[in-house]
Amino acid sequence: MAEQPDFEEPNKKWTGADLIIPVAAIAFTIYYFSTIWNAPWTAQVSAFFVGAILMTLCAVFFLLFALQWRSGQADFSFGRVIDPASAIPKRL
């Protein structure tokens, strides 16, 4: 008998949930930049240095996510956050 090939979809990583923290980090960094305008220049330099590092790391993460998503290895799904539905009240 001939073996039938496996036509299942390859397992994709649910990486949509991994985007929550980088998006929140970018939002916080933008807020932080907006609040340091009246601070001394040394505090501004330090804040922009730390913020630039954080934005760079988030950009690298988004680039890697986009490459995985484009190649079909990743899925923009929030399954790890939502599943199982019975655990949602405990998480909140």
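Which residues do ring pairs link into a cluster? In this predicted model, the answer is F33, W37 and F48, joined to one another through pairs of their rings. They make a good starting point for a walk through the aromatic side chains, since a search of the whole structure turns up four aromatic pairs.

One of those pairs brings together F28 and Y32, whose rings are stacked, with 5.9 Å from centre to centre and 15° between the planes. To find them, look along helix α1, which covers residues 20-35. Both F28 and Y32 belong to this helix, and they sit four residues apart, about one turn of the helix. Y32 is partly exposed, because its relative accessible area of 36% falls between the 20% and 50% limits.

Now move along to F61 and F62. Here the ring centres are 6.2 Å apart and the planes meet at 65°, so this pair is edge-to-face. An angle over 60 degrees is what earns that label. F61 has a relative accessibility of 29% and counts as partly exposed. F62, at 27%, is partly exposed as well.

Let us finish away from the rings, at A74. This residue lies in strand β2, made up of residues 74-75. Is A74 buried or exposed? A74 is buried: its relative accessible area is 2%, and anything under 20% counts as buried. A74 also invites a look back towards N11. Although 63 residues separate A74 and N11 in sequence, their C-alpha atoms are 8.7 Å apart in space.

Definitions and conventions: Residues are numbered from 1 along each chain as its sequence is written. This is a predicted model: local features need pLDDT of at least 70, side-chain atom pairs count only at pLDDT 80 or more; totals for chains, interfaces and linings use all residues. Side-chain values use heavy atoms; hydrogens and water are left out. Rings of Phe, Tyr and Trp (its six-membered ring) pair if their centres lie within 6.5 Å; planes under 30 degrees apart count as stacked, over 60 as edge-to-face and the rest as tilted. Helices (H or I, at least four residues) and strands (E, at least two) are DSSP runs, numbered from the N terminus. Buried means under 20% relative accessible area, exposed over 50%, partly exposed in between (1.4 Å probe, protein chains only).
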